[in-house]
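Hi everyone, thanks for coming. I'll walk you through one model today, so please bring it up on your screens and follow along.

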Amino acid sequence: NLAPVAVQDMVAGGCCTAAQWALWAPPKRLQPLQKLPTCLTYLVHVLSLQLSNTAILHQIRRDQVTDTCRANSVSSRKRRVLTPNDLKHLVVDEDHEMIYCYVPKVACTNWKRVMMVLTGRGKYSDPMEIPANEAHVSSNLKTLNQYSIPEINHRLKNYMKFLFVREPFERLVSAYRNKFTQKYNTSFHKRYGTKIVRRQRKNATQEALRKGDDVKFEEFVAYLIDPHTQREEPFNEHWQTVYSLCHPCHIHYDLIGKYETLEEDSNYILQLAGVGNYLKFPTYAKSTRTTDEMTTEFFQNISSEHQTQLYEVYKLDFLMFNYSVPSYLKLE
């Protein structure tokens, strides 16, 4: 890893941002920047290095987002300017100059645990020692909306920014299974389940209207595509689109990790952060994980009309993060 002073000098010299430096810097320590005669010498040196496959892969992912934003500029950039309220999902690590936009149902519990290790200054060493509920206590991590506007702009410009994405319908089924089929999630049943039953179920029983604990996937889909739903309030974060949570058309992310290559992408990010030697992303084989096969099954009973409408809701996430239209869909 390069000395912070060298990074700052590079940024000050206008050659690249700190994040870009981190992305392309060779793993071995270079001489301090002051000893290099010019910025050009450094750039020639970098260009002479063989770019790793991983770096190229992340460049392709970044380009895909940029191209999608440009092609869909009307729908992807409804607002020209972000407000601090839009930045609640961006977790800041000051010590390693990183920003992580968390997306629920995309390994965000484990990434929050890792961020607690990184920002804890020795309080934690093993991410898996941190209880899951502790990782979701908002006061345990600092988010970008807590800073002043100049501080926000400085961090967005200079820190390494990353997020993790997942096949949109697999993520949606995962959210449904977790929030509506688990008996312990009474707060979701009360807050959303009762509303969904009231709107989408004819002849609902008084018990179902009161408890909201038996929402069918078809009813959940009908609720999501109902224009009244989004007019009433924004989607809950567990089923909100990634482009609405993380604003990739307004914020230039340096790295886009994928749930499908979670371990590999996560450890690459930790390596770039300079902590790869002592911190690895937690691995676990979760037998209850939502799979593509499961998602296919859930969509069997959704009409082609509703499938088409639902695809339209999540279309930008499919396009931006290069997920193809699922083969099980019967689009109109």
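Let's start with the aromatic rings: in this predicted model, a search of the whole structure turns up 24 aromatic pairs. I picked two of them to show you. In the pair made by Phe169 and Tyr314, the ring centres are 6.2 Å apart and the planes stand at 80 degrees, so this one is edge-to-face. Phe169 belongs to helix H9 and Tyr314 to helix H17, residues 304-320, so the pair ties together parts that are 145 residues apart in sequence. Are these two rings buried or exposed? Phe169 is buried, with a relative accessible area of 0%, and Tyr314 is buried too, at 2%.

My other pick is Phe217 with Phe299. Here the centres are 5.4 Å apart and the planes make an angle of 70 degrees, so this pair is edge-to-face as well. Again, distant parts of the chain are linked: Phe217 sits in helix H12 and Phe299 in helix H16, residues 292-299, with the two positions 82 residues apart in numbering. Both Phe217 and Phe299 are buried.

While we are at H12, have a look at Glu219, which is found in that helix, residues 217-225. This is a charged side chain, so is Glu219 buried or exposed? Its relative accessibility is 8%, and because the cut-off for buried is under 20%, Glu219 counts as buried. What does its side chain have for polar company? A polar atom of the Glu219 side chain lies 2.9 Å from the backbone nitrogen of Lys216. If you set aside the neighbours within four places in sequence, Glu219 is in contact with Ile196, Gln200, Arg201 and Asp214.

Now let's step back to the whole chain for a moment. The protein chain has 17 helices and 4 strands. Of its 332 residues, 49% are buried. Among contacts with a separation of 6 or more, 70% are between residues 24 or more positions apart.

Next, empty space. Rolling a probe the size of a water molecule over the atoms shows where empty space is left. How many cavities of 30 Å³ or more are there? The count comes to 1, and the largest cavity holds about 40 Å³ of space. Its lining is made up of Arg166, Pro168, Arg171, Leu172, Trp239, Val242, Tyr314 and Asp317. You will recognise Tyr314 from the pair with Phe169. H9 and H17 each supply at least two residues of this lining, and H9 gives the most, with 3 residues. By class, the cavity lining has 5 nonpolar residues, no polar ones and 3 charged.

One of those lining residues, Val242, deserves a closer look. Val242 is found in helix H14, residues 242-246, and counts as buried at 3% relative accessibility. Beyond its neighbours within four places in sequence, Val242 is in contact with Val103, Leu163, Val165, Arg171, His247, Pro248, Asp317 and Phe321. Tyr102 is 140 residues away from Val242 in sequence, yet their C-alpha atoms are 9.3 Å apart in space.

Then there is the largest pocket, with about 1,300 Å³ of space. Which elements give two or more residues to its lining? They are helix H6 (108-119), helix H7 (132-135), helix H9 (168-180) and helix H15 (262-272). In total 47 residues line this pocket, and Lys105, Val106, Ala107, Cys108 and Thr109 lie nearest its centre. The classes split into 18 nonpolar, 16 polar and 13 charged residues.

Lys105 leads me to the backbone. Its phi is near 75 degrees, a positive value in a residue other than glycine. Lys105 is found in the loop between strand S2 (98-101) and H6, and is partly exposed, with a relative accessible area of 21%. Where else can you look for a positive phi in a residue other than glycine? Try Asn203, with phi near 55 degrees. Asn203 lies in the loop between helix H10 (186-200) and helix H11 (206-211), and is exposed, with a relative accessible area of 78%.

That's my tour, and I'm happy to go back to any part of it. Thanks for listening!

Methods: Residues numbered from 1 in each chain as written. Heavy atoms only, no water. 1 Å grid on protein atoms, 1.4 Å probe; cavity = no way out; pocket = protein on both sides within 12 Å on 5 of 7 lines; lining within 4 Å. Points joined across faces, edges and corners; volume = space filled by probe spheres on them. Nonpolar A, V, L, I, M, F, W, Y, C, P; charged D, E, K, R; others polar. Buried < 20%, exposed > 50% of the residue type's maximum accessible area, 1.4 Å probe, protein only. Polar contact = N/O pair within 3.5 Å; in protein donor to acceptor, adjacent residues only side chain to side chain. Contact = heavy atoms within 4.5 Å. Phe/Tyr/Trp six-rings, centres within 6.5 Å; stacked < 30°, edge-to-face > 60°.
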